[in-house]
Amino acid sequence: VRDVNLSNTRSLDTWRMMGAAKNMEELEAASASMGNPWTNTVAVDREGTAFYGDYSTTPNVTAAQINSCVRGLIAPALTQAGYVTLDGSDPDCEWGNDEDSQQEGTLGASQLPSMTTSDYALNSNDSYWLSNEDSPLTGYSPIVGEEQGEQTLRSRLAHIQIRDRLSGEDGLGEGGFNNQNMRDIMYGNRNYAAELITDSVIEVCSGDVDWSDYSTTPHRVIEACGILAGWDRKSNVDSIGPHLFLEMWKTLTSGDSFWAVPFDPNQPVVTPNTLDIENPNVVEHVKNSLASAVERILEAGLEINQPWGELQYVTRGDQDIPIHGSTGFGFSVIQSNLIPEEGYSDIFTGNSYIQVVSFDDTHCPDAQVALTYSQSSNPASPHYADSTELYSEKQWIDVPYCSRDILSSKVGSVIRIRKGE
């Protein structure tokens, strides 16, 4: 077993250089020092240039090696699961080197995906391939990531939101981005899965269905159909329906594909789509999925018509703070588990530090920030829940950037640390 980051001692230097970069060229050069252990880098400057780079410490394993060195019975399965397993007894399977490798056995920046563009660049936890819908990145070793693969709903919605904002078709005014509409999009809480299939689910509901064949409480399933019909397809704290959809989706996605239009790598943002309600097996699966969703919610001691904010929350002291966002259906992600008699109170990952930064005619950037979990873990601190409350209310913190603003915003004495002290 070999961990490429065991010999990576460059991380702090890379991040320091990135933080000190005065322009995009310096930022790219800092990223190319390859101290970043695993994350993507996305940056933009005031001239409107965007940069994306999957510049992270990566084993120098070629596509040819993956094709020829993954041998035996177990190695293919491990490799398919993301743990690339090569034949260590064959010298031809050893990690290689590039002229610009920053560490023995790693890929240099020249062999890693990146783009500089005046259009847009994004990453929503999929591979580098579709960092820009119109300019896919291709031709890299499979060890870096997948190309031509189906995108998550979050990635697809990110592209759609950008496309709709640039064209001005999202109801947020004239096409183009500014600080305010970026924040509006972030807190829009669209549920893309719901946008794709809810109308078809309601069509199934409106058919001649004897729900007693699927549930011991058929009248509650009929009620659930009405709730989904009236749902705004969002995961706001006052939305009624997100938990019904979430529980239905869990069962729906546990079976065979239910899409009428399959994934097409030539149309990765809009496929797959359309619930295949012309297929009797899919219709049966939808009915069972909805009935089981109602059953799970009721068995948990909850109601099917509760607002999302009553169900998904974090507790700070004696206060339950409603949290918007939802599991993997949209751009704004909050992952939570269902706890009986409580709701989705076990939030274990998702939105954390969020920033929207824009430039104007002044020297200082306009930076708006949200810190979902707040700054202190000390219940006695005034900062134990304040940022969480702001996030709950879809508010932002206007953070200082330039020295004068930082000094005027200080809340304690300045501590200076000098070299050698």
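Two strands pair if DSSP finds at least two bridges between them. In this predicted model, strand β8 (residues 334-339) and strand β9 (residues 343-350) are joined by five bridges and run antiparallel. Within that pairing, Q335 has T349 of β9 as its bridge partner. The chain has 421 residues, of which 45% count as buried, and its secondary structure comes to 13 helices and twelve strands.

**Overall form**

- The C-alpha trace of the chain spans about 75 × 65 × 45 Å along its principal axes.
- Of the contacts between residues at least 6 apart in sequence, 59% join residues at least 24 apart.
- P280 and I406 are 126 residues apart along the chain, and their C-alpha atoms are separated by 63 Å.
- P280 lies in helix α10. P280 has a relative accessible area of 58%, which is over 50%, so this proline counts as exposed.

**Strands and hairpins**

- Three residues lie between the strands in the hairpin of β8 and β9, and E341 in this hairpin takes a positive phi near 70°.
- Strand β10 (residues 353-358) runs antiparallel to strand β11 (residues 366-371), and six bridges join the two.
- Opposite I354 stands A370 in β11.
- The side chains of β10 alternate along the strand. I354, V356 and S358 point to one face and are buried, while Y353, Q355 and V357 point to the other face and are not buried.
- In a regular strand, side chains alternate between the two faces of the sheet.

**Nonpolar cores**

- The largest nonpolar core contains 48 residues. Those with the most contacts inside this core are I197, W211, L244, F245, W249, L275 and L290.
- Two or more residues of this core come from each of α5 (153-167), α7 (192-205), α8 (218-230), α9 (242-252), α10 (280-299) and α11 (308-311).
- A second core, separate from the largest, has 23 residues, among them M24, M115, Y128 and V144.
- Leaving aside residues up to four places away in sequence, L290 touches C205, W211, V221, A224, C225, L228 and M248.
- In soluble globular proteins, nonpolar side chains tend to be buried together.

**Pocket and cavities**

- The second largest pocket holds about 1200 Å³ of space.
- Its lining is made up of 39 residues, and P59, G82, Y83, V84 and I143 lie nearest the centre of the pocket.
- By class, the lining of the second largest pocket comprises 16 nonpolar, 16 polar and seven charged residues.
- The count of cavities of 30 Å³ or more comes to three.
- The largest cavity has a volume of about 40 Å³.
- Residues L122, N123, S124, D126, S127, Y128, L130, S131, Q151, S155 and H159 line the largest cavity.
- Of the residues lining the largest cavity, three are nonpolar, seven are polar and one is charged.
- Y128 appears both in the lining of the largest cavity and in the second nonpolar core.

**Backbone exceptions**

- Most residues other than glycine have a negative phi, and most peptide bonds are trans.
- M34 is not a glycine, yet has a positive phi of about 60°. M34 lies in the loop between α2 (24-31) and β1 (41-44).
- The relative accessible area of M34 is 2%, which is under 20%, so this methionine counts as buried.
- S374 also is not a glycine, and has a positive phi of about 70°. S374 is placed in the loop between β11 and α12 (386-392).
- The relative accessibility of S374 is 2%, under the 20% limit, and therefore S374 counts as buried.
- The peptide bond from T271 to P272 is cis, with omega near -5°.
- P272 lies in the loop between β4 (259-261) and β5 (273-275).

Notes: Residues numbered from 1 in each chain as written. Predicted model: local features only at pLDDT ≥ 70, side-chain atom pairs only at ≥ 80, totals over all residues. Heavy atoms only, no water. Helix = DSSP H or I, 4+ residues; strand = E, 2+ residues; numbered from the N terminus. 1 Å grid on protein atoms, 1.4 Å probe; cavity = no way out; pocket = protein on both sides within 12 Å on 5 of 7 lines; lining within 4 Å. Points joined across faces, edges and corners; volume = space filled by probe spheres on them. Nonpolar A, V, L, I, M, F, W, Y, C, P; charged D, E, K, R; others polar. Core = buried A, V, L, I, M, F, W, Y, C linked by side-chain atoms within 4.5 Å. Buried < 20%, exposed > 50% of the residue type's maximum accessible area, 1.4 Å probe, protein only. Contact = heavy atoms within 4.5 Å.
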